[in-house]
Each structure stands twice: as structure tokens, then as C-alpha cells.
Amino acid sequence: MTPSEAKERSWDVIIVGAGMGGGLAGRRLTERGLSVLFVEKGQAGYRSEQQAYSATLADPAVRQMRGFWPKPVEAHDGKTVSRYFAPIGSGVGGSSVFYAAALERPEPHDLDATADAPHPTGGWPVGFDAFLPYFDQAEDILYVRGDPDSLSDIPSPKLRPPPELTPQETAMMEDFRSRGLHPYYSHVALKRLENCANCLGGKCPRACKMDGRSAGVEPALASGNAALLTQCDVEEFLVDPAGEISGIKVQHEGESIVLEASTYILAAGSLGSPTLLLRSTSQSASGCANSSDWVGRGLMFHIDNFFAVWPRRGQKPIGRSRAISTRDFYLRKGHRLGLVQSMGYEADYGTIMRFLLMQFERSRFAQSTKLKRLLNIPALIAAKLFGNADVYVAQMEDFPVATNRVILNKEDPEILTFEYIVAQDVFTRQVVLRRVIRRAIGWWRMVFLSIKPIVNVGHPLGSLRFGTDPATSVLDPDCKAHDHDNLFVADGSFMPTSMGVNPSLTIAANALRVADIIADRKANRTEQRQAS
């Protein structure tokens, strides 16, 4: 379908962004009988593609062709300004086509204030019990496989059984259990088709890895109720005098066009969505949906602590395996520390060099090519030291700070830009986290791979927070903009806290919830018109 053809049709819903949130919302809307138009910046891509994400490619056209965001991000930390390529997708499926398919549920205390765990924000406006049926539905749609967490008493009836453990995975699981830990097979969204290539961290050429493309956009298109426009730059949301969104202004191959629908869903990601709203100044200089001045604010990332673990003497490493997770450190004496899971690679020279480069490129020395060349020396020494160790990550929760925010880049709108300073409580919790992990695993068997907290820029969250107070949030509990009756959000920007787990399952669950709200609202209005 061409933009001109799309303009001539009457759409129930236009979805800006075709990633996990946009894809799952579109699928549910088409299942409910609504017409949907996906508008995506990137390309459709090819089913035969099997490449992994790359942070080294610099040509914008090549990056766009492969489904990567074409430009680097720009990070302001109060002292320095750095630019680097973040693991952000641009194409059908968004970032999810490159993810490692880890779809873990949050715990009740992630969303609710409980007696044992006071919530840092007082709790989400929609609680865990309301999300629970949508967690089940998302796990079913995304074919999530894994073991139930033995530390949780909440059933997961749609969780499919994991594949059989390898001898190495079995040995490491038994090793952890002997130390009083409670490991389980990680929750991963893979159908495990015959000859599954385990495409974690890259595009899958088959509909085996479940992501925003395979589980969302493709089923929606197959229904006949949806269409897709790619390579479209959405320039702004247009607002009518009554305060409703009247259309989106789109650039496609040099042509400007306005597309219209009854309802709009913004799902361009936690960096892209607020950027688009801040650019939409036709009605207000502060941007669309921004009467609270919270658009872009409250930006969060997960804080990663990577560490290497040596197997017991005589044992082999688990290698390319994401099988092992544990929540033994999730909440310790009131400290929210998060999930620990295997990363799927060993601490060899290439892995260590990648960690060093990641930290170097985000430092004030990033422009020094001489220092960059010297990184191979500590990488070689560390690889020799670590030998056959496996890499794990402790994924620590982040909390919202109003001054951590997405801002507009004055030079180039495609350079996603943010101001972010790691909060002091992160350093405090990191000390606790590292102490309990060392004690549990054994000081002689593990070593942390970084000193400072590593900000996981691939997990931006919270920049369009939902809440009950229009003065301190952008969205209401239904994820509808307080300022506009027909604008909803279905990506990770709605989250008021980051939780201690990978965000994709919660994004998918909320997208299904938002889609049901929109479909129910349309059905109710139709009934009212018929009754009158």
C-alpha cells in the first residue's frame, strides 16, 4: 500500500511504530475487527535475513537497510556529551527482532506497594492483579518457554515447557542449588521449530523467535484488517481545536502527506515516542500531550552488572546458553536488586573487548584513538585470566528522576538525545548487589567485569509515564493521553518504574490491554449510537 492509497481509506486506528508494543496492539485490534494502519520509519526487511545487531556500522543508509536505527544516540550526563550507536531497531519488529527473547514476568512488588516491599513511587496506577490475565495472554501468544520460578506462588498456566537441559546447564543448575540458590530455566520466546537455530540477539529467518514482527505485525496483516506503510518519517501529530488528534503528518520519499484515523497509538519506543510528541508543536510550543511538562521526563534504563562465573573443576561452561535465571537477589532487605541471568557467551577475548569498548565509547576519552588501540592489552590479559568462565548479568531496577529526560536534538531530529545522570541510590544498591552475589557464588569463582554501573541503553523506559494525576503524568491508567481523548501509548514509555526484569513481556501485555480498551470503547460507542 502506498501513502496515497492509505490516505483514501478510513482507519479505525493508526499505529506509529511496528515493534513489540505496536505489533501486539495491532494484532489484538485486528482480532477484534478493527482496521489498522501501521506506520513505520524503517524498512519491511526480508524473512531470509539472519544478521545480528551491529554497533560498528556507521553508514546511516546501511544501518537503515539492516533494520538498525540509522543515527547514534546522544547522551548528556551533566559532565560530558557522548554519541554512540545504541541497540535500537528501525523496521518491522523494531528492536525486538534483535532481542534475546527473554520475557520474564515482573513480581507483584514491582507494580504494587506491599507490606514487605514499599514501592518507591507508591505503586503503579494499574496493579499486578489487573495485569495478570494479560501476562498470561502475552506468554501464550509469544510461546514463552521456561520453568516456573520456585520462589513464586503465582501460577503461569500458559508457560510452555523448556527444552531439555544440556549436561553443562544441568551441572551449573545443580551447582547453584548446592549453594542454596533457586535457578530455573529462563523464560524465552521461542517456538523451538525443528532445527531451531536459537537466533537470540539477531533476526530469525523463520517465525520461530517470537517478537513484534512474527507475533504481532505479520498475524495482523494476515487477518486482512491491517496494512503497513514503511520508510515513513512521522513529523508530527496534528491537533484540532477541540483537542483531539486530527492526523499525523508523514514524509515518504520526499512527499508530505496527512494520514487520518479515529484513534492513534504511539509505539515508537521510549526515546522515539517523546521525541515525536515534543516535535508536535502546532497547538502548543511545549509539544503534544505535554500540559504537565512530563513528556520525556522520568527516563529510566536498567543498570547492568556483568560478571564471569567459572564452572566447578572438571566441568565445562554452559557457553551459548540463556538457560539460567535466578531471583534469589531480586529483593534483599528492602533493596530492589533485580534478576540474574546467563548471557549466552563465555568471557573470551572478543566478549571482554566488547565490554571495554562499550564503556570506553561512553567515557570522556571516547575521541582518543590512541587509548582505544590500547584496549586490546587488558582484554588479552583478562581473557587469559578468565579462561572458560561464563558471563552473567544482574539487571538492576532504575527509578524515575524528573531531570533524566528525552530532549530534542537541535542539529538532527534522527539523533535521539537524552539527559541522564545515574542516581546515587544506584551506587548504594550496587554495593549491596555485588556483596550478596559474591557471598552466594563464592569470591574465588566469580569476578565482576566492570567497576561503574553500566546503563543498558537498549532498555529505555518511562518517558511518557502513566498515572492518575495529570500534573505529574502524561497518560491516564488506560494509557490514554490526559490531553487528548484519541491518543494512546503502547510501548515501554508508559512505565513509572523499570521493574527488575526484561521489559518486553510487560510491554506486550500492556499493548494487549490498551488494544482491548480501544476496541471496547469503540464497541460501547457503537451500541450507544444504535440505542439512540
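Here are some short exercises with worked solutions, all on one predicted model.

**Exercise 1. Work out whether the length of helix H5 fits its residue count, then find what packs over its buried residues.**

Step 1: H5 runs over residues 128-141, which makes 14 residues. At 1.5 Å a residue, the expected span is 20 Å.

Step 2: Set that against the model. The end C-alpha atoms of H5 are 19 Å apart, so the span agrees with the expectation.

Step 3: Now pick out the buried positions. They are Phe128, Phe131, Tyr134, Phe135, Asp136, Ala138, Glu139 and Ile141. It helps to recall that an α-helix has 3.6 residues a turn, so residues three or four places apart point the same way.

Step 4: Look at what lies over those residues. The cover includes helices H2 (20-31), H4 (108-111), H7 (213-222) and H13 (504-531), along with strand S5 (144-145).

Step 5: Check what comes after the helix. Tyr143 follows H5 and has a positive phi, near 50°.

**Exercise 2. Give H6 the same treatment: what are its span, its buried residues and their cover?**

Step 1: With 12 residues at 1.5 Å each, H6 should span 16 Å. Its end C-alpha atoms are 16 Å apart, so that agrees too.

Step 2: The buried residues in H6 are Glu169, Ala171, Met172, Met173, Asp175 and Phe176.

Step 3: Strands turn up in the cover of these residues, including S6 (184-185), S14 (324-326) and S18 (390-396).

Step 4: Just past H6 sits Gly180, with a positive phi of about 85°.

**Exercise 3. Asp293 and Cys479 both have a positive phi. Where does each one sit, and is it buried or partly exposed?**

Step 1: Start with the background. Most residues other than glycine have a negative phi.

Step 2: Take Asp293, which isn't a glycine but has a phi of about 65°. Asp293 belongs to the loop between helix H8 (269-279) and strand S13 (300-309). Its relative accessible area is 40%, so Asp293 counts as partly exposed.

Step 3: Now Cys479, with a phi near 65°. The loop holding Cys479 joins strand S22 (454-461) to strand S23 (487-489). Here the relative accessible area is 0%, so Cys479 is buried.

**Exercise 4. Describe the surroundings of Asp149.**

Step 1: Place the residue. Asp149 is in the loop between S5 and helix H6 (167-178).

Step 2: Use the cut-off for burial, which is under 20% relative accessible area. Asp149 has 10%, so it is buried.

Step 3: Look for a local partner. A polar atom of the Asp149 side chain lies 3.1 Å from the backbone nitrogen of Leu151.

Step 4: Go further along the chain. Beyond its neighbours within four places in sequence, Asp149 is in contact with Glu107, Tyr184 and Arg327.

**Exercise 5. How many cavities of 30 Å³ or more does the structure hold, and what lines the largest?**

Step 1: Count them. There is one cavity of 30 Å³ or more.

Step 2: The space in the largest cavity comes to about 60 Å³.

Step 3: Its lining is made of 13 residues, and those nearest the centre are Gln43, Gly67, Ser90, Gly91 and Lys203.

Step 4: Sort the lining by class. You get four nonpolar, seven polar and two charged residues.

Notes: Residues are numbered from 1 along each chain as its sequence is written. This is a predicted model: local features need pLDDT of at least 70, side-chain atom pairs count only at pLDDT 80 or more; totals for chains, interfaces and linings use all residues. Side-chain values use heavy atoms; hydrogens and water are left out. Helices (H or I, at least four residues) and strands (E, at least two) are DSSP runs, numbered from the N terminus. The expected span of a helix is 1.5 Å times one less than its number of residues. Buried means under 20% relative accessible area, exposed over 50%, partly exposed in between (1.4 Å probe, protein chains only). Contact means heavy atoms within 4.5 Å. A polar contact is a pair of N or O atoms within 3.5 Å; within protein, one must be able to donate a hydrogen and the other to accept it, and residues adjacent in sequence count only if both atoms are side-chain atoms. On a 1 Å grid over the protein atoms alone, a cavity is a set of points where a 1.4 Å probe fits but cannot get out, and a pocket is an open set with protein on both sides within 12 Å along at least five of seven lines; lining residues have an atom within 4 Å of a point. Grid points are joined across faces, edges and corners, and a volume is the space filled by probe spheres set on the points. Ala, Val, Leu, Ile, Met, Phe, Trp, Tyr, Cys and Pro count as nonpolar, Asp, Glu, Lys and Arg as charged, and the others, Gly among them, as polar.
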